[in-house]
Amino acid sequence: LRLLSLRTRNSAAYKGVMALLLEAQSRDLMRGDPIELTNFFHESVDIHHVFPKAWCEKNGIHRDRYDSIINKTPLTAQTNQSVGGKAPSAYLKGLEGHVQPHELDTYLATHLIAPATMRADDFDAFMIDRATQLLTAIEGKMGREIQGRDSEQVHEKFGGALLPTVAATASVRGRLYDRYDILEELGGGAMAQAYRVKDTNNGR
């Protein structure tokens, strides 16, 4: 639940989560360039609300939720300004004027964001999925499990458990099992997810 309380760059834990994304080469959504860790504390990098503040307030989402690190990610200042306060589905359409949809989905995945939740403007599903993926990435960095991901308090705050799935255990580079690059999500159900992948061992 601490993720909900991380809201500013002044927190060491906040900086740690952002550094985790930047070290994994999270990519700018418009240009596809890796956002450099060395530029994180400069004006060239903004902290973007994935679901914009204006949209969240218009839709009755409390600040404690939309202003947490779960709903934030680093972007270049230029890209952040182009997004504005529009619904995620709307600003993704605008970005597709600069980048192909499948490429944009790949860039979003480097931020541990499930594109489907944004295209559906589904804030609740986004929060559960991103919090789950962030926790899984933190576990990988620490080398141990985070307890309480299925606690009563988590269910109360998020509306569901934050347990990892195959999608959530994919690395921030969009890779499964340290071998397969994810090219496309093909859909799935409650217990499984299908992908189109490339085997990095043989390039197929």
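This passage walks through a predicted model of a protein chain, from its overall make-up to a few helices, salt bridges and aromatic rings.

A good place to start is the chain as a whole. Its secondary structure consists of 11 helices and 5 strands. The chain has 204 residues, and 43% of them count as buried. About 10800 Å² of the chain is exposed, with carbon and sulfur atoms supplying 48% of that area. Among contacts with a separation of 6 or more, 61% are between residues 24 or more positions apart.

Helix α2 offers a first closer look. This helix covers residues 12–23, a run of 12 residues. The distance from its first C-alpha to its last is 16 Å, close to the 16 Å expected at 1.5 Å a residue. Something can be seen at either end of the helix. At its start, a side-chain oxygen of serine 11 comes to within 3.2 Å of the backbone nitrogen of alanine 13. Just after the helix, glutamine 25 adopts a positive phi of about 65°. The buried residues of α2 are Tyr14, Val17, Met18, Ala19, Leu20, Leu21 and Leu22. These buried residues pack against two strands, β1 (45–49) and β2 (72–76), and against two helices, α7 (101–110) and α9 (123–142).

Helix α9, one of those packing partners, can be examined in the same way. Its 20 residues should span 28 Å at 1.5 Å a residue, and its end C-alpha atoms are indeed 28 Å apart, so the two values agree. The buried residues in α9 are Phe123, Phe126, Met127, Arg130, Ala131, Thr132, Gln133, Leu134, Leu135, Thr136, Ile138 and Glu139. Just after α9, a positive phi of about 80° is found at glycine 143.

Two of the buried residues of α9 also lead into the aromatic groups of the model. A search of the whole structure gives 4 aromatic pairs. One of them joins phenylalanine 123 and phenylalanine 126, whose rings are tilted, at 6.4 Å centre to centre and with 45° between the planes. Both residues belong to helix α9, where they are 3 residues apart, about one turn of the helix. Phenylalanine 123 and phenylalanine 126 are both buried. Together with Phe51 and Trp55, Phe123 and Phe126 make up one aromatic cluster.

Next to this region in the sequence comes aspartate 122, in the loop between α8 and α9. With a relative accessible area of 33%, aspartate 122 is partly exposed. Leaving aside residues up to four places away in sequence, aspartate 122 touches Phe51 and Thr117. Phe51 is also a member of the aromatic cluster. The C-alpha atom of aspartate 122 is 9.6 Å from that of serine 89, a residue 33 positions away along the chain.

Charged side chains give another view of how parts of the chain meet. The count of salt bridges comes to 9. In one of them, arginine 7 and aspartate 64 meet at 3.4 Å, N to O. Arginine 7 sits in the loop between α1 (2–5) and α2, while aspartate 64 belongs to helix α4 (residues 63–66), so the pair ties together parts that are 57 residues apart in sequence. Arginine 7 is partly exposed at 30% relative accessibility, and aspartate 64 is partly exposed at 41%.

Arginine 119 takes part in two salt bridges, with glutamate 96 and with aspartate 105. For glutamate 96, the closest N and O atoms are 2.8 Å apart. This pair links distant parts of the chain, with arginine 119 in helix α8 (residues 115–119) and glutamate 96 in the loop between α6 (88–95) and α7, 23 residues apart. For aspartate 105, the closest N and O atoms of the bridge to arginine 119 are 2.5 Å apart. Aspartate 105 lies in helix α7 and arginine 119 in helix α8, so this pair ties together parts that are 14 residues apart in sequence. Arginine 119 is partly exposed at 32% relative accessibility, as is aspartate 105 with a relative accessible area of 26%. Elsewhere, salt bridges that share partners join Arg63, Asp67 and Lys72 into one network.

Note on methods: Residues numbered from 1 in each chain as written. Predicted model: local features only at pLDDT ≥ 70, side-chain atom pairs only at ≥ 80, totals over all residues. Heavy atoms only, no water. Helix = DSSP H or I, 4+ residues; strand = E, 2+ residues; numbered from the N terminus. Expected span 1.5 Å × (residues − 1). Buried < 20%, exposed > 50% of the residue type's maximum accessible area, 1.4 Å probe, protein only. Contact = heavy atoms within 4.5 Å. Polar contact = N/O pair within 3.5 Å; in protein donor to acceptor, adjacent residues only side chain to side chain. Salt bridge = Lys/Arg side-chain N within 4 Å of Asp/Glu carboxyl O. Areas by Shrake-Rupley, 256 points an atom, 1.4 Å probe, with all protein chains shown as cover. Phe/Tyr/Trp six-rings, centres within 6.5 Å; stacked < 30°, edge-to-face > 60°.
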